[in-house]
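Open the model in your viewer and keep the sequence panel beside it. The stops below say what to select and what to look for there.

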Amino acid sequence: MQFMSRIVAAFALIFSLSSWQADADSGALPPPQGTPILTMTGAIAKTNADAGAQFDAAMIAALPRHAITTGTPWYDEPRTFEGPLLRDVLAAVGASGKTLTVAALNDYASDVPFSDALTYDVVIADRIDGQPIPIRDRGPLFIIYPFDQVPALKSEQYYQRSVWQVKSIKVQP
Amino acid sequence: MRRVVIGMICVLGFALAAVVGLKLLQTQHITTLIGYSEDNASWAVHQLGAEQLRFETALLRAKDGDPRALDEAALRYETFASRRSVLADGVFRHKLERLPPFGALMTAFDRMLAAHDPMMADGLQPDEIAPLLAAASAMRGPVHDLVLAENELLNTVEADTRTHILIIRHISLVTLLVLSVLLISFAAYALVMLRHAQNSELALRHSENVLRSALKEAQSASAAKSVFLANMSHELRTPLNAVIGFSEFLEISAAHKLDERQRGYLCDIRTSGRHLLEVLSTILEVSKLEAGKVELHIDAVPARMVIAECLRMVSGKAKQKSIAIDSIGLEDLPPIQGDATRLRQIFLNLLTNAVKYSNEGGQVRVVGAAEGGFVIMRIEDEGIGMKTADIETALRPFERIRNAETANQEGVGLGLTIVKTLVEIHNGRLEIDSEIGQGTTVSVCLPAGTPRASIIETTSHAAALTPPFELAVGR
């Protein structure tokens, strides 16, 4: 009798796990309430608009936060960049692929290897020194690598991938 | 050779300094080149131009008042405005500040933003398009000026780069040349040194061969001489025995038939024969000693006994010259470790010499002493003596000191040589102390004590006859 109940319990556990998995895959991404600032396209599992997955400032702010204080070639002093980790944003839309094509408001685009998001704590910053980043100061979103924390990142290659005024990310399979 | 080495070191030092200097210069040029390539100012300036056009285009599209076109134009206003901070912040500013149109552009930017930012705070209104369009057009000039200036800078940089690359190439060439010359000169130097070493090695080997063959020759000559001497002595002694024997026989048996003169001749034959035999025996002895064929029967020999025997043997000669011989301190001496016959030979020889070279009525003393496991016997005379330089000569085989006093003395000049060798094969030491007219003291130092058993030692003592025994009878 006890043996039977164990089997039932095991089945229940497996069932609940698989349903949670399904939930994560097909979980609806709520549509943005405000003006969209980031559009995700390409190999993503979740969408909330015809164009793909769109985020407004509030949705970005709701994701787990991470802060990096580092010097960059674009500012004279080290500054604190705060926002969700790139990998969390990618997870939020169920992205899977090899390359991310990150485009800016001025249609500048740079390819970022998907692995960068997993290897380094790359942040999509929406705040600089605690303040929202205006477009005029390379906002609203700024991809920042932990340059001071990982000195190997201090090279032209990674500076190229640190796109500012980020508008959209296309996940290439 | 030293001058060459110093020269080489100077050249090396100079060349190394030159190479280091050249490399430093090269690094400087390379660093400058890298600095150029890191700089994306050009891209930023051209983006500024593109943004200006986009802004103007967006404004033209928004003229109809379409809300989406208005939003787009507002966005372009912001992105164009953002270009100001892109140029004025961070790395680009250091590059662009030097360009004359930069200041003018910044002023134009500030004027535009000051005039329109307040209106833009609550979005772009259709009636604001016309003044904004005028402002955008006004920016075209300064933007274009900066683009042109940057382009010119880029060209200069490119020309500079080409110059730097040329310089680097020249430096590399010169460095290579210097190093090549250095390498070649070192190779030449090494070659010369190698030749030199080979030559001196050849010379060394040659002289080694010469020495080796000379040694071999000397050794074989010495061996041949010893064999010859031994054989010759033996061969001469046999007929000599007949000469001596028959002359003695004639003296006894036919004395009455001979007159006085004939008896005198016979006596001469006998004494000359005896002398010759003595000489031959001595030569044979030396050859034996040299060939190391002497056997020692080591025993505890009382010095007193040996000396007494020897004194008996020289007493006749001493009496003839009225020479008194005293023995001092022989009673309490420990026995000598040695061969009794050889010891007798040693002391008999020394005493005979002492008597031989003493003046008429002189005095000879034999003094014994024990010291540190040795018995020291001193034979002192007050005779003619010899010079310090002559002591060496006296010890050499066949050498005799020739002067008026020794001219009439018989002997082959081997006595002291034999004595010295005999003392040395007893592990003893012989020393001669002498002064002209003051007499001579010969000290013989021999090991004292009782040997554990009667030992028979076969010595090989050729080396004791130093300096090398030479056949010098005729000298």
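What follows is a tour of a predicted model, taken stop by stop.

**Stop 1: the sheet of chain A**

Start by selecting β2, β1, β11, β5 and β6 of chain A. These 5 strands make an open sheet, in the order β2-β1-β11-β5-β6, with mixed pairing. At the edges are β2 (53-56) and β6, each of which pairs on one side only. From one strand to the next, the twist averages 20 degrees.

**Stop 2: strand β5 of chain A**

Now narrow the selection to β5, residues 99-104 of chain A. Which residues of this strand are on the covered face, and which on the uncovered one? Leu100(A), Val102(A) and Ala104(A) form the covered face, while Thr99(A), Thr101(A) and Ala103(A) form the uncovered face.

Add β11(A), residues 166-172. β5(A) and β11(A) run antiparallel and are joined by 6 bridges. Two positions help in lining up the pair: Thr99(A) has Gln172(A) as its bridge partner in β11(A), and Leu100(A) stands opposite Val171(A).

Next add β6(A), residues 109-113, which pairs with β5(A) in the antiparallel sense over 5 bridges. Here the bridge partner of Ala103(A) is Ala109(A). The hairpin of β5(A) and β6(A) has 4 residues between the strands, and in it Asp107(A) takes a positive phi near 70 degrees.

**Stop 3: the loop between β9 and β10 of chain A**

Most residues other than glycine have a negative phi, and most peptide bonds are trans. With that in mind, select the loop that lies between β9 (131-132) and β10 (142-144) in chain A, where Pro140(A) is found. Is the peptide bond from Gly139(A) to Pro140(A) cis or trans? It is cis, with omega near 0 degrees.

Step back to Arg138(A), which lies in this loop between β9 and β10. Its phi is positive, near 70 degrees, in a residue other than glycine. Is Arg138(A) buried or exposed? Arg138(A) is buried, because 24 other C-beta atoms lie within 10 Å and the cut-off for a buried residue is 20 or more.

**Stop 4: Gln165(A)**

Move on to Gln165(A), in the loop between α5 (156-161) and β11 of chain A. Gln165(A) is a residue other than glycine with a positive phi, near 50 degrees. Gln165(A) counts as buried because it has 22 C-beta neighbours inside 10 Å.

**Stop 5: where chain A meets chain B**

Show both chains and select the residues in contact across them. On chain A there are 12 such residues, in contact with 12 residues of chain B. The chain A side of this contact has 5 nonpolar, 2 polar and 5 charged residues.

**Stop 6: a helix pair in chain B**

Finish by selecting α3 (residues 67-88) and α5 (residues 100-120) of chain B. Their axes come within 11 Å and cross at roughly 145 degrees. The crossing of α3(B) past α5(B) is left-handed.

Which residues make the contact between α3(B) and α5(B)? From α3(B) come Ala74(B), Tyr77(B), Ala81(B), Arg84(B) and Ala88(B), and from α5(B) come Met106(B), Phe109(B), Leu113(B) and Met120(B). By class, the residues of this contact are 8 nonpolar, no polar and 1 charged.

Methods:
Residues numbered from 1 in each chain as written. Chains lettered and ligands numbered in written order. Predicted model: local features only at pLDDT ≥ 70, side-chain atom pairs only at ≥ 80, totals over all residues. Buried ≥ 20, exposed ≤ 12 C-beta atoms within 10 Å, placed from the backbone. Pairing = 2+ DSSP bridges. Contact = placed C-beta atoms within 7 Å. Nonpolar A, V, L, I, M, F, W, Y, C, P; charged D, E, K, R; others polar. Axes fitted to C-alpha atoms, helices over the stretch in contact; angles between N-to-C directions. Left-handed = near helix turned anticlockwise from the far one by under 90°.
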